[in-house]
Amino acid sequence: MENNPHKKVLLVDDEEDFCEIVCRILYKEGYEVVCAPSLKIATEELTHYNPHIILLDHNLPDGFGISFLENNKEALNDKQVIFITANSSRALIEKAISLGAFHFLSKPFSSSTLSRAVSQAEQSG
């Protein structure tokens with residue numbers, strides 16, 4: 001696989017089956033994906049893995065995706081964050097976007113919707 005930093009994705013979600021499916025979809029499209037099941041691990045991977053694109057779930061065992069956006073503003077400055085959650089309230093979407101999220105996906109979503117969002121994030125960064 002080519003060493004393209006724009007092809008590095010960090011998936012932050014605690015649902016193993018969901019992570020496996022997303023990884024499979026993105027791998028087929030040439031992305032390198034690392035999964036983080038918690039905000040703590042996501043924060044570590046943000047530095048060590050240095051992804052270009054982050055798929056960030058809102059409800060995690062150790063906190064909320066919104067908190068991750070708030071607490072890592074500087075580190076996320078050059079990243080494309082796609083906020084994903086089953087809670088698609090207007091207030092949550094607006095908050096995520098105001099904190100720098102590039103896109104918002106409401107679970108469940110199709111593989112084509114995921115692929116399109118990740119491709120757009122790659123191209124915009």
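## Strands and the central sheet

Strands here are DSSP runs of E with at least two residues, numbered from the N terminus. On that basis, Asp57 lies in strand β3, which covers residues 53–57. The model is a predicted one.

Strand β3 belongs to an open sheet of 5 strands, arranged in the order β2-β1-β3-β6-β7 with parallel pairing. The edge positions are taken by β2 (32–36) and β7 (103–106); each has a single partner strand, so one side of each is left without a neighbour in the sheet. On average, and with direction ignored, neighbouring strands of the sheet are turned by 20 degrees against each other.

## Pairing of β1 and β3

Strand β1 (residues 8–12) runs parallel to β3, and 4 bridges join the two. Within this part of the sheet, Leu11 is found opposite Leu55 of β3.

## Asp57

Asp57 has a relative accessibility of 4%. The cut-off for a buried residue is under 20% relative accessible area, and Asp57 therefore counts as buried.

Apart from neighbours within four places in sequence, the residues in contact with Asp57 are Val12, Asp13, Asp14, Gly65, Ile84, Thr85 and Lys107. Of these contacts, Val12 falls in strand β1, given as residues 8–12, and Ile84 and Thr85 fall in β6, given as 80–85.

## Lys79

Lys79 is placed in the loop that runs between α3 (65–71) and β6 (80–85). Its relative accessible area is 8%, so Lys79 is buried.

The side chain of Lys79 makes a polar contact of 2.5 Å with the side chain of Asn50. Asn50 also appears in the wider set of residues that Lys79 touches, which comprises Leu46, Asn50, Pro51, His52 and Ile54 when residues up to four places away in sequence are not counted. Ile54 lies in strand β3, residues 53–57.

## Packing of α1 and α5

Helix α1 spans residues 16–28 and helix α5 spans residues 111–124; their axes come within 11 Å and cross at roughly 60 degrees. That angle makes α1 oblique to α5. The crossing of α1 past α5 is right-handed.

Where the two helices meet, α1 contributes Val22, Ile25 and Leu26. On the α5 side, the residues met are Ser111, Leu114, Ser115 and Val118.

Note on methods:
Residues numbered from 1 in each chain as written. Predicted model: local features only at pLDDT ≥ 70, side-chain atom pairs only at ≥ 80, totals over all residues. Heavy atoms only, no water. Buried < 20%, exposed > 50% of the residue type's maximum accessible area, 1.4 Å probe, protein only. Polar contact = N/O pair within 3.5 Å; in protein donor to acceptor, adjacent residues only side chain to side chain. Contact = heavy atoms within 4.5 Å. Pairing = 2+ DSSP bridges. Axes fitted to C-alpha atoms, helices over the stretch in contact; angles between N-to-C directions. Parallel < 35°, antiparallel > 145°, perpendicular 65-115°, else oblique. Left-handed = near helix turned anticlockwise from the far one by under 90°.
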